[in-house]
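These are my notebook entries on a structure that I looked up piece by piece. I set down what I looked for and what I found.

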Amino acid sequence: MELILALDPTVVEITARSLAIAVTSTVIAAILTVPLGGLIHFHNFKGKRAVVNLIQTLYSLPTVTVGLVVFLLLSRSGPFGSLGLLFTPGGMVIGQTILISPIMTGLTIAALSGVGPAVRDTAVSLGASKFQAIFTIMIEARAAMLAAVLLGFGRALSEVGVAMMIGGNIRGYTRVLTTAIALETSRGDIEFSMALGIILISISLIVNLLVNRVQGNWWA
Amino acid sequence: MKGRYLGISGLALILVLLCTSAAAADDEAEEGQKELLRISTTTSLYDTLLLDEMEEIFEGMYDVDVRTVSGGTGIAIERAVRGDADLILVHDVVRERKFIDDGYGLSRTCFAYNYFIIVGPEDDPAGITGMSPSEAMKTIMDEGTENPDLVKFVSRGDDSGTHAREKILWDRAGLDYEEVATSDNTWYVEAGQGMGPTLRMTNEMVGYTLCDTSTFAAYRSELDLVPLIEEGDVLLNVYAAIPVSPAAYPDTNCEMARNFVNYLVSDEGQDLIAEYGTETIGKPLFNPARGNCDLIGCTGDECALQLADDYCSLAEA
Amino acid sequence: MIEARGVWARRGGAEILKDVSLKADRGEILSIIGPTGSGKTTLIRVLNLLDPPNAGRVFFDGVDVTEDEKERFIARRRMSLVFQKPAMFSVSVEKNVSYGLRIRGISSHAIRDRVRSALRDVGLSGYEKRRAFSLSGGEAQRVALARALVTEPELLLLDEATANLDPRTAETIEDLIRGAGEDGLSVVMATHDLNQARRLANRVGVLVGGELVQLGSPEEIFERPRSEDVARFVRARSGW
């Protein structure tokens, strides 16, 4: 049965959409959070500790809560209703980007903190400008930063709260693996549900293996 | 400084562990004394909170802990098929009969009914007011095909009781459901969610949907949609209770399930059903089955009759 | 080339450097000796403009670089520093050595040749593709030196440059330093090895408890120590 599912066009479509949305969210979040994490890490300002604490608290944002908040924002009766993003893949990307940003920011900061002060000293003493030194430190932290991105991707791929509330699980348009699993379970089709779940896990596994390979090739 | 933090968090952890094990012990003690009745029902019924009220009363009548889970009709029945429930309360006569024929249920007892309604925007862009249900559906499709931005229909898309009824409506209109539901039809949106979220989506998209009156009443305050088609035999929605058969699951709490069914069809139960929801929307959400058996097509033993004392032992024979 | 005038440095509440004044001219090798904790490393860091002094001024090639960020940056690019335990970047030896050239925007073609010759000078030919983290202590030290010299600095600062090296490698390094000095490179080297100071330095400064207690030619320091402290230190270390 699972083999049939592997080639079923609907399943392929749902899987492709899951990946597309998760990857897009991760990329956008990375573009936002890496500089943000760098900014926070490399500057000492009043309340820095409070900010970092807040970010870490937001790690455990319930997905349904983020889904609800974004729903209220994108709904017709909300401030951004005119953009028509509710129940669209674009809206889902927005929601998931918001969801995974705290974790990616926090882990970026942690990754950069893990680079010893000697690296900065060495870079500066060899003539690095402020930006060059920051860039060098980020490169030294690249393995940990990749782990941060991977975690963000994993969370986006396997969450259901945001996908359901913002996407609406519309067949052929916003249905992804997680919402499909929820639907099939509620229909009582346990086998199909499990099969989708296995696909989801397999994707995570493959992505993990690929990332590990890349990290292995780096000498960090 | 570090030591102190360690000490405090260690203490907090121990406190949490103590509290949880105390709570768990409490639960176990309770379970040892009280009986358990597990009910599996659909979201349409559950979301109206009628069952919450009935549970409270029932738990006062018997020394029992009633635990209710809800879901789509599919999973509601499936839970009982797997033996995870003692009683199901659903509204899909075809699947109910199959449940009984397959040996999982003993018999069905109708206890309440209401109607499905077609709801939509107040200004009714497709102009379906006054039509019969099937006519209305066909009109929605015609208008929607021409003008998908103006006219949309949102389907449950989840094989629920409501979804099953929707398919019947399309069938009665002479249309092939598969053709209606293809992804190419942008006016037709398959939500794949429960009734509440589907209503919200319909509201957002300013479209039409098929809904049961009780859920609609429950969500009405947050919607701009109004009921447009409320009449028609085909819209009849009958709720039935089916105890799980001891032949299938010997451990099932058949006696207590029987007691609950008897409460449902008792005068007190039927009265409660007849009045429920009147305060919120001015008219009751449900109609009692009592006295309406012919109307709703529940005949003989199925209709609102008390189950005998030896009901459960008969099954085992 | 480089001059410290009345430099004070405070770290963690303690005075590490107290009113230190010295300078090193072009082509001069100045060695700073002193017991552990006397502030040698701090002094080197202040001269490299890594840390600003709490008081006093630093001049590079006649320009006051104590405060102006822009001048500090320009000056820093004209000097190099090799730390006591040098940090390697987690990339190849080649990438490490070429770091200074890459951040200065030198073309990759020129980089390859200069890296090759720098590695040859420190006796590590062929090490380009090796992972920097896989090097032994001595090899890493030599890579750090190559990395510092490849940018052709005008001032080289060393903090215990040969501390972890075997005698033969240390000799290679010392020859390099001597040769660099002859080429016009200024060198300021902190060391606890008095004999090395005697061998290499044109002048020697003695740092004790953050104070520069004597500054002069090697003969002056070792044969005519000015104070009890200096004498004690010199005698204790050179085994008189």
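**Entry 1. A strand in the interior.** I began with strand β9 of chain C, residues 203-208, in this predicted model. Is this strand enclosed or open? I found that five of its six residues are buried, so the rest of the structure largely encloses β9(C).

I then looked up the partners of β9(C). One is strand β3 of chain C, residues 29-33, which pairs with β9(C) in the parallel sense over four bridges. Within this pair, I noted that S31(C) has V204(C) as its bridge partner. The other pairing that I recorded is with strand β10 of chain C, residues 211-216; here the sense is antiparallel and there are five bridges. In that pair L207(C) is matched with L212(C).

Next I examined how the chain passes from β9(C) to β10(C). The two strands make a hairpin, with two residues between them. In the turn I found G209(C), which has a positive phi of about 55°.

**Entry 2. A helix with two sides.** I turned to helix α7 of chain C, residues 167-182, and checked its length. At 1.5 Å a residue, its 16 residues should span 22 Å, and the C-alpha atoms at its ends are 22 Å apart, so expectation and model agree.

Which residues of α7(C) are buried? I listed I173(C), I177(C), A180(C) and G181(C). Viewed down the axis of α7(C), these buried residues fall within an arc of 100°, so they line one face of the helix. I added a general reminder for myself: an α-helix has 3.6 residues a turn, so residues three or four places apart point the same way.

On the other side of α7(C) I found the exposed residues P167(C), R168(C), D175(C), G179(C) and E182(C). What do the buried residues of α7(C) pack against? I recorded five elements of chain C: β3, α6 (137-149), β7 (155-159), β8 (186-191) and α8 (194-200). Strand β3(C) had already appeared in my notes, as a parallel partner of β9(C). After α7(C) comes G184(C), and its phi is positive, near 105°.

**Entry 3. An open sheet in chain C.** I traced four strands that form an open sheet in the order β2-β1-β4-β5, with antiparallel pairing. At the edges stand β2 (14-24) and β5 (63-64) of chain C; each has a single partner strand, so one side of each is left without a neighbour in the sheet.

I looked at the pairing of strand β1 (residues 2-11) with strand β4 (residues 55-60), both of chain C. They run antiparallel and are joined by five bridges. Across this pair, E3(C) stands opposite F59(C), and W8(C) has A55(C) as its bridge partner.

β4(C) also pairs with β5(C), in the antiparallel sense over two bridges. Here F60(C) is matched with V63(C). The two strands form a hairpin with two residues between them, and D61(C) in the turn has a positive phi of about 50°.

**Entry 4. How the chains meet.** I asked which chains touch. Two pairs of chains do, and the pair with the most contacts is chains A and B. Chains B and C do not touch, and their nearest C-alpha atoms are 20 Å apart.

For chains A and C, I found 14 residues of chain A in contact with 19 residues of chain C. On the chain A side, the elements giving two or more residues are α6 (117-125) and α7 (130-140) of chain A. The largest share, six residues, comes from α6(A). By type, this side of chain A divides into seven nonpolar, five polar and two charged residues.

**Entry 5. Chain B in outline.** I counted 15 helices and ten strands in the secondary structure of chain B. Its C-alpha atoms fill a box of roughly 70 × 70 × 40 Å along the principal axes. Of its 317 residues, 48% count as buried. Among contacts in chain B with a separation of 6 or more, 75% join residues 24 or more positions apart.

**Entry 6. Confidence.** Lastly I looked up the scores. The mean pLDDT of chain C is 85, and 94% of its residues reach 70 or more. The model as a whole scores ipTM 0.85 and pTM 0.76. I kept one general caution: where pLDDT is low, the predicted coordinates should not be read in detail.

Terms used: Residues numbered from 1 in each chain as written. Chains lettered and ligands numbered in written order. Predicted model: local features only at pLDDT ≥ 70, side-chain atom pairs only at ≥ 80, totals over all residues. Buried ≥ 20, exposed ≤ 12 C-beta atoms within 10 Å, placed from the backbone. Pairing = 2+ DSSP bridges. Expected span 1.5 Å × (residues − 1). Arc of directions from axis to C-beta. Contact = placed C-beta atoms within 7 Å. Nonpolar A, V, L, I, M, F, W, Y, C, P; charged D, E, K, R; others polar. pLDDT = per-residue confidence, 0-100.
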